[in-house]
Structure formats: structure tokens, C-alpha cells
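Take a walk through this protein model with the geometry in view. We begin with the terms for its inner space, then move out to the fold and a few single residues.

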Amino acid sequence: MDESAALTYGSYLALDEVLGAQRPRSDEHDEMLFIVIHQVYELWFKQLLHELGHAQRKLAEGNTPHALHTLKRLLSILKVVVAQIDVLETMTPRQFTSFRTRLDASSGFQSAQFRELEAVLGRRDEAAFAHYPQGDPGRERISAAMARPSLYDSFLRYLAAQGYPVPAQWLERDVRTPAAPSPELQKILLAVYTDDGGPAQVAERLVDLDEGLQEWRYRHVMMVRRTIGDKSGTGGSSGAEYLRGTLFHPVFPDLWAVRSQL
């Protein structure tokens, strides 16, 4: 961009590039909606990743108010992401079918940003990036996210800094492996809730975040089912069948398990 040119609304937001990025492959009216919705999803995924990184830094600093503020923003964004499904569901199965074949092998399963988002939240599964070729930027970002502490790891370190006796084995664990539910950690979380201070509020916002992600997954499943039924998804994916398998798997299982003890 020409730095000497006067800054305008359009140049600041790079609107020429953004509004020129919709390139339908058919003349079907509804393909534009499909493209715009998914591009907006990717923009929100980018912002979610940006906010998650900020939340982890605030937890590392022990800055409870700013961590809570950032988690609240994450929840607000998730609500917008879920609400967008209402718009997508205005498209009937026949309208989607009218251009579906033009999608070729492309599929929402290929969203590297969503896979990276899952990794930041704690997913540790090489299947998440196995279909990306070596050297692909998406593969590298997902792999790098799986090698860093997850949001839950950051939360446990935050609790330790707040004076809770989180075992060293959890603070020094190999973050490249999944964090399994732990009765020992649940006892600590019970103490956090009993104290009912800032850390308990952070824990509740994490539960909200987990619930919001589950709501997104459920609405996504139902949207796919009402649009293509039980057909295979584009790109060879199993469609709704795969998505159903992602339901009811909490990101923070300890925070759910402890609720029966409160």
C-alpha cells in the first residue's frame, strides 16, 4: 500500500481486497451467501485465536480482571459465530445442491484455523493436520499450537500462581499430550469454587467457553443434516456423521466433573 496516500476507510480496511475475495464458481444466486458466510467464519476464527493468545498471556501475568474481560469477549464472539448459522439455514437443500458440485474437493473440514483453535483449547491429535502436506502453512500452525501450552495448561499455571497446590507433574507436563481428567485436580478445583474468588470466576468463564463451543458444534451438525441429510460431505468427508461424533466431548472435562461435587 502507498504509505504517502491519505488514509481512508476503504484503504484502512483493505476493502478492495476483502470485497474482491468473493469469486463464485457458478451463476447460482445462493453461492454468494455460502462464500460470504464462510469467509466471515474464518475472520472470526482469526479473532478468536488472537483473543485466546491474549487470554493466555493475561493468565500468565495473574491479571484476573483482564483475563475475565478477554474470556467475556471470546464468549460474545462465539455467540455471533453460532448466530450466523441462522443465516446459512435460510438456504434450502435444493439451493445448496444447485452449486454444490462446483465446490470440488473443498470442505469446511479443511479449515486450518478451526483446527488450530481446537489445538489451543487442548486437542492433541495428529489426525487434525495429517491431511495437510508437509510444509503447508496450515499444518505447521496446527502442529505448533499442539506443541504449546493449551488454554487449560495456562489456567492450571494461573491457579498455582494464585496459591493453589497444583502438582508439579501438571505444571511441568508434556504439553504435546492430551490432558486427561484428574481426580486430584478436581479436588483443587473444588477448593477454587469453595473460595468463590477471582479464580472461580475464571473457571466459570472457561465452562461458558466450553459450552459455547458445544453449542456451535450442535448447531453445525443440525445445519448440515437439514441441508444434505446423511450424504457424504464435500471433499470426501463423512458429513453429519463425523460432526455428530464431536458432540458431548468437553474441552475442560475436570471443570464439568467437579460440578457434581459442589
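For linings, Ala, Val, Leu, Ile, Met, Phe, Trp, Tyr, Cys and Pro count as nonpolar, Asp, Glu, Lys and Arg as charged, and the others, Gly among them, as polar. This is a predicted model, in which local features need a pLDDT of at least 70 and side-chain atom pairs count only at pLDDT 80 or more, while totals for chains, interfaces and linings use all residues. Residues are numbered from 1 along each chain as its sequence is written, and side-chain values use heavy atoms, with hydrogens and water left out.

Start with the overall fold. The protein has 13 helices and zero strands. Here helices (H or I, at least four residues) and strands (E, at least two) are DSSP runs, numbered from the N terminus. Of the 262 residues, 43% count as buried. Buried means under 20% relative accessible area, exposed over 50%, and partly exposed in between, with a 1.4 Å probe and protein chains only. Contact means heavy atoms within 4.5 Å. Among contacts between residues at least 6 apart in sequence, 71% join residues at least 24 apart.

How far can the model be trusted? The pLDDT is the predictor's confidence in each residue, from 0 to 100. The protein averages 89, and 89% of the residues score at least 70. Helix H8 (residues 151-161) has the highest mean among the elements, 98, and helix H12 (residues 240-244) the lowest, 57. Over residues 233-238 the pLDDT falls below 50, yet this stretch has 18 contacts in the model beyond near neighbours in sequence. Where pLDDT is low, the predicted coordinates should not be read in detail.

Now look inside. On a 1 Å grid over the protein atoms alone, a cavity is a set of points where a 1.4 Å probe fits but cannot get out. A pocket is an open set with protein on both sides within 12 Å along at least five of seven lines, and lining residues have an atom within 4 Å of a point. Grid points are joined across faces, edges and corners, and a volume is the space filled by probe spheres set on the points. There is one cavity of 30 Å³ or more. The largest cavity holds about 60 Å³. What lines the largest cavity? The residues are Leu48, Leu52, Leu74, Leu78, Leu117, Leu121, Leu209 and Leu213. That lining divides into eight nonpolar, no polar and no charged residues. Helices H3 (31-61), H4 (64-88), H6 and H11 each supply at least two of them.

The second largest pocket has about 520 Å³ of space. It is lined by 25 residues, and the closest to its centre are Gly122, Arg123, His249, Pro250 and Val251. Its lining is mixed: 12 nonpolar, six polar and seven charged. H6 (112-121), H11 (198-228) and H13 (253-257) each give at least two residues. H11 has the largest share, three residues.

Three single residues finish the tour. Asp153 is found in helix H8. Asp153 counts as buried because its relative accessibility is 2%. Leaving aside neighbours within four places in sequence, Asp153 is in contact with Arg173 and Val175.

Most residues other than glycine have a negative phi. Ala14 has a positive phi of about 50°. Ala14 sits in the loop between H1 (9-12) and H2 (15-19), and is partly exposed at 25% relative accessibility. Asp196 also has a positive phi, about 55°. Asp196 lies in the loop between H10 (183-195) and H11, and is exposed at 60%.
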